[in-house]
Amino acid sequence: LSGDSGKQVAGLLAASGTRPSTVWYAGAQTRTCTTLVSSSTGDVTEVIEPSTHISGECLEAFRDKVSKVISQEESAVWQGACICGSMPPGLDRTFYADLTAKILRERPARCLIMLDTVHGCDAALDAGAQVLKINAGELRSLCNQEADLWTCCSTLFEKHTPLQIVA
């Protein structure tokens, strides 16, 4: 999280009773993503601010935080992880796959990984992510086709055997 917008997110999480495990990144703002829905047509438009470049120092802090959370005794209560958002500049294209593999390697018994992104998605699904939550346009872009959504889902299930749900 970063800046005033990050402080707002942290405050909302705390008010909800959530105990977030965060990494603070100086010199930036947590980006805002806004979804606009037409009341007359139902068409959806997303306005997504660009991601800030992630420094090596911030990336190491994030990796350290993930390792601590995974290994903590209290982490026994969590049963999954959500990997969300477009891949920020400065991260290797395999970052989400590496993160997925690390979590599943250290918590294999009962850990569900959900992806809400198309960036680096194939590699993360190959690494073992079981749930993919994307919109219809993103689903079609992954399948490189204008096929119906059922065909696209079937293609993904065949290609990525750990995948259990596409929503």
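Contact here means heavy atoms within 4.5 Å. The model is predicted.

**Helix α5**

Three residues of α5 are buried: L139, L142 and C143. Viewed along the helix axis, the buried residues of α5 fall within an arc of 95 degrees, so they line one face of the helix. Several elements cover these buried residues. Among them are helix α4 (121–126), strand β5, helix α6 (149–159) and strand β6 (165–166).

Both ends of α5 have a local feature. At the start of the helix, a side-chain oxygen of N135 comes to within 3.1 Å of the backbone nitrogen of G137. Just after α5, N144 adopts a positive phi of about 55 degrees.

**Salt bridges**

The structure holds four salt bridges. The table gives three of them, including their closest N–O distances.

| Pair | N–O distance | Location |
|---|---|---|
| R63 and E60 | 3.3 Å | helix α2 (residues 56–71) |
| E106 and K102 | 2.9 Å | helix α3 (residues 95–106) |
| D116 and K133 | 3.6 Å | strand β4 (residues 112–116) and the loop between β5 (131–132) and α5 (136–143) |

Take the pair in α2. R63 and E60 are three residues apart, about one turn of the helix. How accessible is R63? R63 has a relative accessible area of 35%, so it counts as partly exposed. E60 is partly exposed too, at 41%.

The pair in α3 has a spacing of four residues, again about one turn of the helix. The side chains of E106 and K102 meet there, N to O, at 2.9 Å. E106 has 39% relative accessibility and is therefore partly exposed.

The D116 pair has another setting. D116 and K133 form a salt bridge, with their closest N and O atoms 3.6 Å apart. This pair links distant parts of the chain, with the two positions 17 residues apart in numbering: D116 sits in strand β4, K133 in the loop between β5 and α5. Are these two partners buried, exposed or partly exposed? D116 is partly exposed, with 25% relative accessibility. K133 is partly exposed as well, with a relative accessible area of 36%. Buried would require under 20% relative accessible area, and exposed over 50%, so values in between count as partly exposed.

**Where the two topics meet**

The loop that holds K133 runs between β5 and α5. Strand β5 is also one of the elements covering the buried residues of α5. The buried residues on that face of the helix are L139, L142 and C143.

How values were computed. Residues are numbered from 1 along each chain as its sequence is written. This is a predicted model: local features need pLDDT of at least 70, side-chain atom pairs count only at pLDDT 80 or more; totals for chains, interfaces and linings use all residues. Side-chain values use heavy atoms; hydrogens and water are left out. Buried means under 20% relative accessible area, exposed over 50%, partly exposed in between (1.4 Å probe, protein chains only). The arc is that of the directions from the helix axis to the C-beta atoms. A polar contact is a pair of N or O atoms within 3.5 Å; within protein, one must be able to donate a hydrogen and the other to accept it, and residues adjacent in sequence count only if both atoms are side-chain atoms.
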